[in-house]
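Student: I would like to learn how to read the features of a structure, beginning with the whole chain and ending at a single loop.

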Amino acid sequence: VSRSAVRCGRRLFTPLAVNRFGDVSRSAVRALAQAARGAVGRRSGEEWEALGPPDKAGALGKRSDHLGQWRVRFFSLHGRTLGWSRAEGEPHHGHVDVAGSRCLAADFETGRAFSLSVARGGEAAPLVVVACSTARERREWRAAIEAAARAA
């Protein structure tokens with residue numbers, strides 16, 4: 001184990017983050033994951049404001065990529081970019097480009113009612129999995145995402 005500190009993004013990892021068995025602490029893994037999310041799929045608040053008003057926006061459930069847990073996130077669709085944040089008015093902490101993707105109902109795969117899976121044409125893994133509150137809301141989001149995917 002190296003005794004020198006390692007920098008990843010804005011965070012500095014000291015040798016204390018790695019124990020004597022070479023295992024990385026939970027906080028170090030969490031920090032690395034946050035740094036990775038920041039490097040991919042993140043836009044500043046000014047970039048989102050420059051896009052203008054969203055084509056569709058609202059609170060949806062989002063399944064996390066790693067643990068599969070469901071969390072409420074505020075989604076907005078700007079053209080072909082679907083972004084999400086923890087709350088309305090906060091900067092988005094993730095986004096996907098829906099160009100050329102397909103949007104399918106995923107109730108059986110997720111075990112959650114009124115859920116949608118957005119995936120690229122040939123890819124098995126979805127880009128994002130969301131859950132709506134009602135069937136009507138799911139129809140509206142599906143129509144908006146499919147229209148954005150076709151318009152690209």
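Tutor: Helices (H or I, at least four residues) and strands (E, at least two) are DSSP runs, numbered from the N terminus. The model is a predicted one, in which local features need pLDDT of at least 70 and side-chain atom pairs count only at pLDDT 80 or more, while totals for chains, interfaces and linings use all residues. Residues are numbered from 1 along each chain as its sequence is written, and side-chain values use heavy atoms, with hydrogens and water left out.

Student: How many helices and strands are there in the protein chain?

Tutor: The protein chain has four helices and nine strands, and along the sequence they follow the pattern β-β-α-α-β-β-β-β-β-α-β-β-α.

Student: Which residue in strand 6 is the bridge partner of threonine 81?

Tutor: Two strands pair if DSSP finds at least two bridges between them. Strand 5 and strand 6 pair in the antiparallel sense over four bridges, and the partner of threonine 81 in strand 6 is aspartate 97.

Student: Where does glutamate 90 lie, and how should its accessibility be read?

Tutor: Buried means under 20% relative accessible area, exposed over 50%, and partly exposed in between (1.4 Å probe, protein chains only). Glutamate 90 lies in the loop between strand 5 (81-85) and strand 6 (94-97), and because its relative accessible area is 40%, glutamate 90 is partly exposed. Between glutamate 90 and phenylalanine 74 there are 9.0 Å in space, C-alpha to C-alpha, and the two are 16 residues apart in sequence.

Student: What percentage of the 152 residues of the protein chain count as buried?

Tutor: By that cut-off, 32% of the 152 residues count as buried.
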